[in-house]
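Visitor: Got a minute to go over some helix packing with me? Let's pull the thing up first.

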Amino acid sequence: MTPKYPDRVAIAHLPTPLEEMTRLSKHLSGPRLLIKRDDQTGLATGGNKTRKLEFLVADALAQGCDYLITTGAPQSNHCRQTAAAAARFGLGCSLVLNGAEQTAVTGNLLLDQLLGAHLYWAGTRTRQEAMLDVAAELRTMGHKPYIIPLGGSNVMGATGYVKAMEELTNQLQAERLNVDFIVFASSSGGTQAGLVLGAAIYDFHGQIIGVSVDHPASDLQTSVAALATATATHLGLGTLSLAARIDVNDDYLGEGYAIVGETEREAIQMVAQLEGILLDPVYTGRAMGGLIDLIRWGAFTRGQTVLFWHTGGAAALPAFADKLVNI
Ligand SMILES: *Cc1c(COP(=O)(O)O)cnc(C)c1O
């Protein structure tokens, strides 16, 4: 199976490092733990959206667009990376953020503004409606906007993670490593769809476990399967059924999206203090909390190797300061 990749722009620092977390592994008496540092993709504090944007921005430029529009939560890492990518190519950027205007300008919301993005608040409209309103307004002003869906999770975005799996399998081969499990935070599904399709293409045989951050497992499984299949078709691979390889764990939804609890707090502090690595409050803190819990429950043997795919997000930490330490 040879995918036909569309054009991409080179904005990520690749390959991202593959490191070992020996102190965390020892502390938990757990399996061998590796970490894939996609928090170090290099675009205005990095994160997983950068790989997706390499393909999305190339598509926008090929279509002659001069504005990127996307959407997310007020502390969206995807919005911040989109704003940075737009700046890099001299494109305008409009961000539609959830809900009513927030007055505390911190974390990603601060960075969005430093990066020159125009902020809109969806208010009572759906995010999609609000994006279409912004696009219509830009068109009347003579602009050509390119709309990127939530999380950049369409076939173009997911393609970034197909290619990431090629990168990982090359690293594993070069370092003679075998990985039994990949664990990471899954939300809009583009990362998981790309990894699962990439695993089929590049013969990665470990189990890929998406720790759901906000959706019930069955919903996320369904949307990831649909996106993985569509991405395979987009890459000229015909119709592949990948549903059986899509593994979602929704045991760690806690009180809901972006609500920091003991699971996230403990994971963030543990990884910071044992490895000097910063996780984020919304995604990777939750996914690592899940991994720590799975290790404690004995889900893995000491001889197995688990790779945690760090998807970024530490730029949001200041916005959650009062939930993370005593202040
Ligand atoms: C967006 C995001 C995710 C989830 O990736 P999806 O492709 O949307 O599933 C995970 N971690 C971080 C830090 C993110 O910003």
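Guide: Sure. Helix α2 (residues 49-62) and helix α6 (residues 155-174) have axes that come within 7 Å and cross at roughly 130°. Keep in mind that this is a predicted model.

Visitor: How are α2 and α6 oriented to each other, then?

Guide: Oblique. Angles have to be over 145 degrees to count as roughly antiparallel, so α2 and α6 end up oblique to each other.

Visitor: And which hand does the crossing of α2 and α6 have?

Guide: Right-handed, as α2 passes α6.

Visitor: Which residues in α2 and α6 meet?

Guide: From α2 you have Arg-51, Lys-52, Phe-55, Leu-56 and Asp-59. In α6, their partners are Met-156, Gly-157, Thr-159, Gly-160, Tyr-161, Lys-163, Ala-164 and Glu-167. By class, the α2 and α6 contact splits into 5 nonpolar, 3 polar and 5 charged residues.

Visitor: OK, switching topic. What about α7 and α8, where do their axes come and at what angle do they cross?

Guide: Helix α7 (residues 190-201) and helix α8 (residues 217-234) have axes that come within 8 Å, crossing at roughly 55°. That makes α7 and α8 oblique to each other, and their crossing is right-handed.

Visitor: Which residues meet there, in α7 and α8?

Guide: Gly-190, Gln-192, Ala-193 and Leu-197 come from α7. They meet Leu-220, Val-224, Leu-227, Ala-228, Thr-231 and Ala-232 in α8.

Visitor: How many of those in the contact of α7 with α8 are charged?

Guide: None; that contact has 7 nonpolar and 3 polar residues.

Conventions:
Residues numbered from 1 in each chain as written. Predicted model: local features only at pLDDT ≥ 70, side-chain atom pairs only at ≥ 80, totals over all residues. Heavy atoms only, no water. Axes fitted to C-alpha atoms, helices over the stretch in contact; angles between N-to-C directions. Helix = DSSP H or I, 4+ residues; strand = E, 2+ residues; numbered from the N terminus. Parallel < 35°, antiparallel > 145°, perpendicular 65-115°, else oblique. Left-handed = near helix turned anticlockwise from the far one by under 90°. Contact = heavy atoms within 4.5 Å. Nonpolar A, V, L, I, M, F, W, Y, C, P; charged D, E, K, R; others polar.
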